[in-house]
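Visitor: I'm new to this and would like to learn how to read a protein model. Could you walk me through one?

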Amino acid sequence: AEDLLACFRTAADSDFGGQSHCSLKLTDTGTVLFSGNLSVALADRNMLQGEAGDGKAEGSEPSVKQRLAKWFEGERPRTAKGGFVAMASYPHKLEPNLDDFNTLTFRTKTDGRIYCVNLKTEALPLESVYQAVLMPKVAGEWEDIQIKASDFVLTHRGLVNVDKVLMNWRSVKTIGVSLMDREDGPFRLELESVNLERLDDVGGTDAL
């Protein structure tokens with residue numbers, strides 16, 4: 001379980017100017033807990049100016065720009081507002097064989113907030129990702145939530161691509177979960193498992 005957890009990383013708007021924070025850890029029962037606090041507020045401008053130098057002294061913490069550069073494989077995404085937390089696998093750390101499947105089933109217990117499941121495929125530009133809604137029926141109880149390949153839509157910085165570009169299901173390189181519901185306050189999502197299934201009459205990719 002620890003080895004699997006090491007395949008994932010977290011990000012929050014506090015990495016580039018916001019005040020949200022998050023963590024990912026194993027619970028005593030062996031589930032994965034993604035939790036923290038979401039804030040739509042931005043950090044004080046003076047604080048940002050103090051952090052955002054391009055260089056860093058030896059032995060000091062990385063600057064905001066350097067943390068940004070590490071997040072998306074050496075490229076630097078932009079942010080214009082707070083209210084963002086996410087967990088995602090490192091590229092190619094997970095190598096599932098998706099050929100015979102078209103559905104992800106999340107065994108999860110949440111706080112009732114609406115999360116997004118994010119899939120990034122090869123050749124997608126920076127800040128573009130396929131997203132689907134992870135919507136629990138009730139807060140604080142375990143439930144199985146199915147997300148079909150056809151539920152995913154291509155987005156760029158949260159905006160839906162109106163051309164409805166089909167996803168290459170076989171070229172998925174990262175999977176993750178994010179929260180961007182613009183509601184200040186603590187959040188909590190617990191995962192027991194994510195399973196692959198094949199259902200009838202599911203489209204939505206160019207690999208099915």
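Guide: Strands of a sheet pair through backbone hydrogen bonds, and they can do so parallel or antiparallel. In this predicted model, strand β6 (residues 115–121) and strand β11 (residues 172–179) run antiparallel, joined by 6 bridges. To see one such spot, find Lys120, whose bridge partner in β11 is Thr174.

Visitor: What is the order of the strands in the open sheet of 7 strands?

Guide: Read it as β1-β4-β11-β6-β7-β9-β10, with antiparallel pairing. The edges are β1 (8–12) and β10 (159–160); each has a single partner strand, so one side of each is left without a neighbour in the sheet. For the overall tally, the protein chain has 3 helices and 12 strands.

Visitor: Let's try another strand. Which strands pair with β5?

Guide: One of them is strand β8 (residues 143–148), which runs antiparallel to β5 and is joined to it by 6 bridges. Another is strand β12 (residues 185–197), which pairs with β5 over 8 bridges, again in the antiparallel sense. You can pick out individual partners too: Phe106 has Ile145 as its bridge partner in β8, Arg107 stands opposite Asp144 in β8, and Thr105 stands opposite Asn195 in β12.

Visitor: Is strand β5 mostly covered or uncovered?

Guide: Mostly covered: of the 8 residues in β5 (residues 103–110), 6 are buried. Across the protein chain, which has 208 residues, buried ones make up 41%.

Visitor: And how do I read the two faces of a strand?

Guide: In a regular strand, side chains alternate between the two faces of the sheet. Try this on β8: Glu143, Ile145 and Ile147 make up the covered face, while Asp144, Gln146 and Lys148 make up the uncovered one.

Visitor: Asp144 has come up already. What does Asp144 form with Arg107?

Guide: A salt bridge, with the closest N and O atoms 3.6 Å apart. This pair links distant parts of the chain, since Asp144 sits in strand β8 and Arg107 in strand β5, 37 residues apart. Arg107 also meets Glu192 in a salt bridge, at 3.9 Å from N to O. That second pair links distant parts as well: Glu192 is in strand β12 and Arg107 in strand β5, 85 residues apart. Put together, Arg107, Asp144 and Glu192 are linked in a network of salt bridges.

Visitor: Why does Arg107 count as partly exposed?

Guide: The label covers what falls between buried, under 20% relative accessible area, and exposed, over 50%. Arg107 has a relative accessible area of 24%, so partly exposed is the right label. Glu192 gets that label at 48%.

Visitor: How many salt bridges are there in the whole structure?

Guide: A search finds 5. One of them joins Asp181 and Arg113, with the closest N and O atoms 2.7 Å apart. Asp181 lies in the loop between β11 and β12, and Arg113 in the loop between β5 and β6, so this pair ties together parts that are 68 residues apart in sequence. Check the cover on each partner: Asp181 is partly exposed at 23% relative accessibility, whereas Arg113 is buried at 12%.

Visitor: What about the inside? Which residues touch the most other members of the largest nonpolar core?

Guide: As a general idea, nonpolar side chains in soluble globular proteins tend to be buried together. Here the largest nonpolar core has 33 residues, and Val85, Leu134 and Phe152 touch the most other members. Click on Leu134: leaving aside neighbours within four places in sequence, its contacts include Phe106, Ile145, Ile147 and Leu189. Arg113, the buried partner from that last salt bridge, is also among the contacts of Leu134.

Visitor: Which nonpolar residues form a patch on the surface?

Guide: Look for Ile114, Val133 and Met135, which together have about 270 Å² of accessible area. Val133 is found in strand β7 (residues 128–134), and with a relative accessible area of 44% Val133 is partly exposed. For the protein chain as a whole, the accessible surface comes to about 11600 Å², and 50% of that belongs to carbon and sulfur atoms.

Visitor: One last thing: how far along the chain do contacts reach?

Guide: Take the contacts between residues at least 6 apart in sequence: 74% of them join residues at least 24 apart.

Conventions: Residues numbered from 1 in each chain as written. Predicted model: local features only at pLDDT ≥ 70, side-chain atom pairs only at ≥ 80, totals over all residues. Heavy atoms only, no water. Core = buried A, V, L, I, M, F, W, Y, C linked by side-chain atoms within 4.5 Å. Buried < 20%, exposed > 50% of the residue type's maximum accessible area, 1.4 Å probe, protein only. Contact = heavy atoms within 4.5 Å. Helix = DSSP H or I, 4+ residues; strand = E, 2+ residues; numbered from the N terminus. Areas by Shrake-Rupley, 256 points an atom, 1.4 Å probe, with all protein chains shown as cover. Pairing = 2+ DSSP bridges. Patch = residues over 30% accessible without salt bridge, like charges linked within 9 Å, V, L, I, M, F, W, Y side chains within 5 Å. Salt bridge = Lys/Arg side-chain N within 4 Å of Asp/Glu carboxyl O.
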